[in-house]
Amino acid sequence: MIEDFGKKITFMPDATRGAVRFLTSTQLKDTGTKNIVVNTLHLLIHPGADAIADLGGIHKFMNWNEGYMLSDSGGFQVFSLLHSKKWEGKIDSNGATFKSPREGKIYTLTPESSVEIQMKLGTDILVALDDCRDAQVDRREAEISVERTLEWGKRSLAHFKKLGGYEKGKLISAVVQGANFLDLREYCAKELSKMGFDGYNFGGYVIDDNGKLVIEEMKVVLENTPKDKFKYAMGVGKPQDIVDSAEIGYTVFDTVLVTRNARHGTLYSFDEADYILRLKNSQYSKDIKPIDSTCDCEACLNHTRAYIHHMIRVGEATGMILATIHNLRFYQRLVEKLQSEV
RNA sequence: GCAAGGGUGGUGGAGUGGUCUAACACAUCAGACUGUAAAUCUGACGCCUUCGGGCUUCACAGGUUCAAAUCCUGUCCCUUGCA
């Protein structure tokens, strides 16, 4: 039952372009992963929403039947690519228009087009397009972000209903903005709640300048949204950040850290203080222990720290694959532990 | 043995009188990464430092010069060609 999504704590790896980087769907399944996230903008650019629809939808395309697929709206890409001027483009009250630096094609993302693309992708849980900003923006910017997010949320929900989202068994969630202004967070959360979404996502940038989770802002969102709807902490986060967020009531998580860090040699282990094992460090070159003595993943059952250290050092994809498998398994086990403590 | 060219930091390799502890790359040692522009990025990388700076390096030994990795002499090595 999709209505039960978020009733239990779930960690969703990011399969941004239709794959969790370096893993096959089978390898991903073996980490115990059920639900995953894909990205509207990335899949729109390649291979295209219609192409995926023609191929039978993203579930079939990537052969993922373990659980639900959530599609992010592209709001974060507008933030990270346009606001930071990495891509050319402009944002106005109707949405965002931008030029892909690769093939120069112009793309437009509006609340309606984002929903439409997500429907074509065939994901189960949609996210309404939002105007994402940095954690540290001035009040004026934050107010604009909230107003646009509310307007876009309303339009997204209307379009979702128009396209028969509920009849197709899908859910749609909204993103709460407001940066670090607690009253704006509260206002945004309350207004979105009046519209009646299936889930409420904590949006914006989830860490401050010092890399600390913005937990006070996250609490305000929980306090001002319906108790019976899922709460998704977008982009959270480090293991401890997930623990802290789950403690106050969030149950849905995703982050790129888990897989990116794996590729970069930062592994997670219950054997280590703070769970951190910087496997590339020279001290592990002769360490014949597994990454985590309590782990049941392919990497831990079959290989030593020294082996994976070597693989990553010399740039073998095998090292990154094993590290990614392990880190994902670690996160799934972390979430299982949290769930059993609830 | 003769001729020619060459010996630069862990490695490759710039530099041919001052701005040289010596480009750049690699290796090494750390760090970062939070709705993925990311198999990426940042820093350190002769020694000492009260972080202002101080001291020692370019095969070795002398010399010229205010000043030498750079010019000269000798020594020792290496490469190629001819014997």
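Among the 47 residues around RNA strand B, the nearest are C132, G235, G237, T259 and S282. The model is predicted. This briefing starts at the RNA, moves to a pair of helices, and ends with some backbone details.

**The surface near RNA strand B**
- Polar residues number 20 on this surface, nonpolar residues 15 and charged residues 12.
- Four elements each supply at least two of its residues: strand β2 (36-39) and helices α5 (75-83), α11 and α14.
- T259 is one of the residues that come nearest to the strand, and T259 is also one of the α11 residues that meet α14.

**How α11 packs against α14**
- Two packed helices are described by the angle between their axes and the distance between the axes.
- Here, α11 covers residues 257-264 and α14 covers residues 317-341.
- The angle between them is about 145 degrees, and their axes are 8 Å apart.
- The crossing of the two helices is right-handed.
- From α11, the contact draws on V258, T259, N261, A262 and R263.
- From α14, it draws on M320, A323, T324, H326, N327, L328 and Y331.
- Six residues of this contact are nonpolar, five are polar and one is charged.

**Two cis peptide bonds**
- One cis bond runs from H46 to P47, with omega near 10 degrees.
- P47 sits in the loop that joins α2 (40-45) and α3 (49-54).
- Another cis bond runs from V236 to G237, with omega near -15 degrees.
- G237 belongs to the loop between β10 (230-233) and α10 (239-248).
- G237 has already appeared above, as one of the residues that come nearest to RNA strand B.

**Positive phi outside glycine**
- F22 is not a glycine, yet its phi is positive, at about 85 degrees.
- F22 is found in the loop between β1 (10-12) and α1 (25-30).
- F22 has 19 other C-beta atoms within 10 Å, so it counts as partly exposed; a buried residue needs 20 or more.
- A179 is another residue other than glycine with a positive phi, near 50 degrees.
- The loop between β8 (171-176) and α8 (182-195) holds A179.
- A179 counts as buried because it has 25 C-beta neighbours inside 10 Å.

Definitions and conventions. Residues numbered from 1 in each chain as written. Chains lettered and ligands numbered in written order. Predicted model: local features only at pLDDT ≥ 70, side-chain atom pairs only at ≥ 80, totals over all residues. Axes fitted to C-alpha atoms, helices over the stretch in contact; angles between N-to-C directions. Left-handed = near helix turned anticlockwise from the far one by under 90°. Contact = placed C-beta atoms within 7 Å. Nonpolar A, V, L, I, M, F, W, Y, C, P; charged D, E, K, R; others polar. Near = placed C-beta within 6 Å. Buried ≥ 20, exposed ≤ 12 C-beta atoms within 10 Å, placed from the backbone.
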